[in-house]
Amino acid sequence: MRKRYLAVATAALLAGTTAVAAREYKVGLLLPYSGVYAALGKEIQAGFELGLEHYAAELGEDTIRLLPEDTEVKPAVGLTKAKKLVLQDKVDVLAGLVSSGVLAAVRDFVDGAKVPLVVANAGNIHATGKQCSRYIIRVSFSNAQITRPMGRYMAERGLKTVVAMAPDYAAGRQDVEAMRGAFEAAGGKVLKEIYTPFRKTKDFGPYLTEAQATGAEALFVFYAGGEAISFMKQYASFGLKDKLPLYAAGFLTSQLYRNAIGEAALGSINSLHYVTTLDNPENARFQQAFQQKYGRVASEFAVQGYDAARLIVAALAASKGDKEKFVDAARTTTFASPRGPWRIDPATNNIVQNIYVYQIVQGPDGRLVEKVLKVYENEQDPPNGCQLAG
Ligand code: PHB
């Protein structure tokens with residue numbers, strides 16, 4: 001009897017030991033490692049890994065394993081990979097997503113599976129609007145949040161007419177729509193919206209000719225990744241800099257490929273949630289560590305990965321693998337980010353943050369840098385069909 005009691009006690013002790021043993025959390029990274037946004041995916045992962053280096057110790061003995069999957073910037077592929085990560089690998093959290101189209105494709109599955117998804121790029125306004133989900137939390141930006149201030153800025157600068165160009169998919173259309181809404185509300189007029197086939201356009205010439213023919217005072221664009229580099233080179237070689245000055249969502253001249261664009265980027269005016277030269281202690285530490293680890297200046301995409309990792313660590317530490325508690329923690333966490341102050345809007349799970357309008361100029365060391373012209377503080381999407389908070 002006594003012996004048996006001991007055995008049971010030992011088993012209980014062992015079980016107790018197992019329950020508090022270190023656990024490994026699985027984070028599924030859904031990013032493009034090929035296709036037009038491949039560089040963005042790799043940069044987000046680089047930032048994410050630095051974020052883990054800096055903050056994973058907050059998990060004590062527990063660790064994080066990354067499971068990267070290539071979405072190829074294709075909605076159907078993204079959905080297949082999301083299902084694989086959740087159903088087969090049983091990840092605790094999903095993170096990543098670059099394309100608005102891929103985010104739209106995984107939305108219903110993620111919501112139904114009740115797996116937290118921390119969005120580290122894709123700006124699709126519906127994911128934090130009429131298609132919002134308690135499980136989808138965004139630490140990057142929404143498309144409208146970036147370009148609405150640009151619409152206001154262009155009007156404040158005295159522009160009366162612009163023509164818009166963007167790739168023909170959700171992000172391009174939403175960027176133009178938000179810019180247009182703000183610009184026209186302030187008295188401006190968008191003369192034409194020109195959409196180029198997404199992932200397919202190599203020759204922007206005919207579209208640039210069409211844009212110029214409108215006689216607009218300026219050109220507004222959204223392009224990112226490989227398309228941004230091709231577009232900028234052709235815009236400059238058409239000699240349009242003086243005739244049709246450029247205003248853009250800042251991904252156009254991202255630090256990530258600014259050197260590949262070169263002088264063509266000079267003079268363009270951009271809006272974005274991050275500027276590499278921001279003067280705050282968190283940015284100094286982040287840039288210094290990133291440059292030491294990777295040998296290059298970190299871009300907005302790296303910041304998004306870095307902050308996503310830090311948010312995930314904080315929410316895992318608070319929830320210990322309980323997905324509902326993870327969501328509660330992730331929605332209410334904030335910390336000093338390299339980008340400046342931010343918080344998650346409890347009504348939409350979208351981020352609220354400053355938007356910087358800046359011009360690309362040549363710095364004293366010859367580097368192409370951002371000269372900040374105006375800061376739109378605490379930019380928040382207006383009510384948009386989502387009401388998560390009770
Ligand atoms: C998007 O598809 O939402 C998207 C892609 C690339 C960017 C920004 C937004 O740089």
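Domain bounds in these legends come from an automatic or database domain assignment. The model is predicted: local features need pLDDT of at least 70, side-chain atom pairs count only at pLDDT 80 or more, and totals for chains, interfaces and linings use all residues. Residues are numbered from 1 along each chain as its sequence is written, and side-chain values use heavy atoms, without hydrogens and water.

**View A. The largest cavity lies between two domains.** Both domain 1 (19-141 + 278-353) and domain 2 (144-272) contribute residues to its lining, so the cavity is placed between them. A cavity is a set of points, on a 1 Å grid over the protein atoms alone, where a 1.4 Å probe fits but cannot get out. The structure holds 3 cavities of 30 Å³ or more.

**View B. Lining of the largest cavity.** Its volume is about 90 Å³, taken as the space filled by probe spheres set on grid points joined across faces, edges and corners. Of 15 lining residues, Val98, Asn121, Phe141, Tyr169 and Phe222 lie nearest the centre; lining residues have an atom within 4 Å of a point. The lining comprises 11 nonpolar, 4 polar and no charged residues.

**View C. Cys132 and Cys386 form the 1 disulfide of the structure.** Their sulfur atoms are 2.2 Å apart, the criterion being a pair of cysteine sulfur atoms within 2.5 Å. The link is right-handed, with 90 degrees about the S-S bond. Cys132 lies in the loop between β4 (117-119) and β5 (136-138) and Cys386 in the segment after β13 (368-379), so the disulfide ties together parts 254 residues apart in sequence. Strands are DSSP runs (E, at least two residues), numbered from the N terminus. Both Cys132 and Cys386 are buried (under 20% relative accessible area, 1.4 Å probe, protein chains only).

Technical notes: On a 1 Å grid over the protein atoms alone, a cavity is a set of points where a 1.4 Å probe fits but cannot get out, and a pocket is an open set with protein on both sides within 12 Å along at least five of seven lines; lining residues have an atom within 4 Å of a point. Ala, Val, Leu, Ile, Met, Phe, Trp, Tyr, Cys and Pro count as nonpolar, Asp, Glu, Lys and Arg as charged, and the others, Gly among them, as polar. Helices (H or I, at least four residues) and strands (E, at least two) are DSSP runs, numbered from the N terminus. Buried means under 20% relative accessible area, exposed over 50%, partly exposed in between (1.4 Å probe, protein chains only).
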